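Me: I have a structure to study. Please take me through it with short questions and answers.

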Amino acid sequence: MKTLVVISGKGGTGKTTISSSFAYLAKNKNIADCDVEAPNLNLILNNKLIKKEQYIGGKIANINKVKCIKCGICKDKCRFGAINSNYEIEEAKCEGCGVCFNVCPNNAIEMMDDETGNILLSDISGGKFAYGKLNIGADGAGKVVTEIRESLKKYHNADLTIIDGSPGIGCVVMASITGCDAAVVVTEPTQSGLDDMKRVISLLEFFDIKAYVIINKYDININKSEEIKKSCKENEIEVISEIPFDNYVNKAIKENKPVILFEESLAAEEIKKAWNYVKEELKI
Amino acid sequence: MNISVLSGKGGTGKTTISTNLAVRLTTKGYKTQYLDFDVEEPNGFIFLKPQIKNREDVAVKVPQIDEDLCNGCGLCAKKCNFNAISVVKGKVVLFEKLCHSCGLCSIICPQKAVTETDRVIGKIEKGFNGKLITYRGILNIGEPMGVPIIEKLQEQTKSDYINIIDSPPGSSCNVVHSIEGSDYSILVTEPTKFGLHDLKIAVKVVEKFNIPYGVVINKSQQDNIIEDFCNKNNIKIIAKIPFDRKIAHKYSKGDLLINDEKIASIFDSIISEVVEVD
């Protein structure tokens, strides 16, 4: 089984457009939307929800007001400022470390399960699709990503897993790229797109994962596209596709379909080429 | 006054709004700071091109084990809620990147074998664009947690300044730590189903913390999908920036938009809506 992750560094470059089309083109597959903070793939993939599971990713402290003697030790030792002057836990700040629980002289603090979010599993044609819904401000988004990937493995033995990643380079992205066979980096011809691509490629190098670059909307600024290609060449990274700006992309999102289904779309044509290339490289 | 700019979805125009707003405020004579809290991919300086005056490392505390004192009892590993410590054959193994720097292991070690040491995870840069003070946080490649840098950036906000906080995308801990203490949030979206879906997430975030907010529609076209949602839910739309390939081209080069009179007036209306209220 092979795993391909689609990431970008910068947000809004077209990860979901690419991965939804790849998802359509792949045969025996698992699809994971690992952009757990703002998941969009479920809007595009025709899927039928079969299972929803609560995910507990951590702990949160709770102070028993009757037992609390307001000695102040917990407040003093908490490094996250999570205990306010009324000796109540500020949920958004508590990281669930358990320092307060361990230092309280009166056993007034208990550690409770903290729901990180939900994991949803769906049927799609040719496989399974999983995504997460993170609770607002939840710690442990990376753990939800790992859980999404694990749950897919349990339910369907696929030839290929495609992961739609999130922007950035932090814990969520790291959990998404861990153990992947290759990464498609979707960028756009802007200075931000270029800088962010470089950062995410460094991260992939750090994890020893091969990167393939797609320049989306390459004709918005041809000079920047050339700069991106030059930067890739210097780092021996292949640019496998240059997708033109195409109104069909927005039309597709509006109609809840992958753009690949629009025969006249120039973007679809380029995505197909990119897919065939990746398929060949991954030997699937 | 702290104004945070967020979006849920990435790439809707947070940095475009934040940088242009900060420069426009400065031009109008407001004491302003721009702070890039998107520490995983900070892009604001591309547009502001500040002269960097100061760089400072951001470090977190991680445990350090005195092997002469440690008897391998394993209590630290057992108590660590982040699985950052394990004890193999009586020897402590640390997974520093999982550590949240809570200090529990050093508190509970019966042998007093745990002290703490600094580990650098990124840096903060300070610079100037004319009178505009600019900060950005940068998370080192391979580091999972940006929150400690975000907290350090929070310390740089000044109460007698307008602080424009360019927030990260998403809805998790990074975002919540960025908008803490905001007097107003600007939610930037685009008129697509993705934009709307993620705007709803951003609305949940600011409502959870009772922060007053308004919406900016970027790349606005004929589609009224955002307007319909906002009207239905009594959410104020404070500005619309039209979709225009010329704007996209300017952005792509790393240029600000407010040299254009028409765009500047859009930012003036944001300022009168958000800042110039009594």
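**Two chains and a sheet**

Me: How many residues does each chain bring to the contact of chain A and chain B?
Reply: Contact means heavy atoms within 4.5 Å. Chain A gives 58 residues to it, and chain B gives 58 residues.

Me: What kind of model is this, and how are things numbered?
Reply: Residues count from 1 along each chain as its sequence is written, chains are lettered from A and ligands numbered from 1 in the order in which they are written, and side-chain values use heavy atoms, with hydrogens and water left out. Local features need pLDDT of at least 70, side-chain atom pairs count only at pLDDT 80 or more, and totals for chains, interfaces and linings use all residues, as the model is predicted.

Me: How much area do chain A and chain B bury between them?
Reply: Buried area is the accessible area (1.4 Å probe) that two parts lose on being put together, summed over both. Carbon and sulfur atoms hold 57% of it here, and the total is about 4,900 Å².

Me: Which residues of chain A lose the most area to chain B?
Reply: Together they make up 15% of what that side buries. They are Glu37(A), Arg79(A) and Ile136(A).

Me: Which residue of chain B meets Lys93(A) in a salt bridge?
Reply: A salt bridge puts a side-chain nitrogen of Lys or Arg within 4 Å of a carboxyl oxygen of Asp or Glu. The rule finds 4 across this interface. In one of them, at 3.1 Å from N to O, the partner of Lys93(A) is Glu180(B).

Me: What is the strand order of the open sheet in chain A?
Reply: Strands (E, at least two residues) and helices (H or I, at least four) are DSSP runs, numbered from the N terminus. Two strands pair if DSSP finds at least two bridges between them. The sheet has 9 strands with mixed pairing, in the order β3-β4-β5-β2-β6-β1-β7-β8-β9.

Me: Which strands are at the edges?
Reply: An edge strand here pairs on one side only. The two are β3 (48-63) and β9 (238-243) of chain A.

Me: Which residue in β7(A) is the bridge partner of Val6(A)?
Reply: Strands β1 (2-7) and β7 (182-187) of chain A pair in the parallel sense over 4 bridges. The partner of Val6(A) is Val184(A).

Me: What angle does helix α8 of chain A make with β8(A)?
Reply: Axes are lines fitted to C-alpha atoms, for helices over the stretch in contact, and angles run from 0 to 180 degrees between N-to-C directions. Helix α8 (222-234) packs on the sheet and touches β7, β8 and β9 of chain A. Its angle to β8(A) is about 170°.
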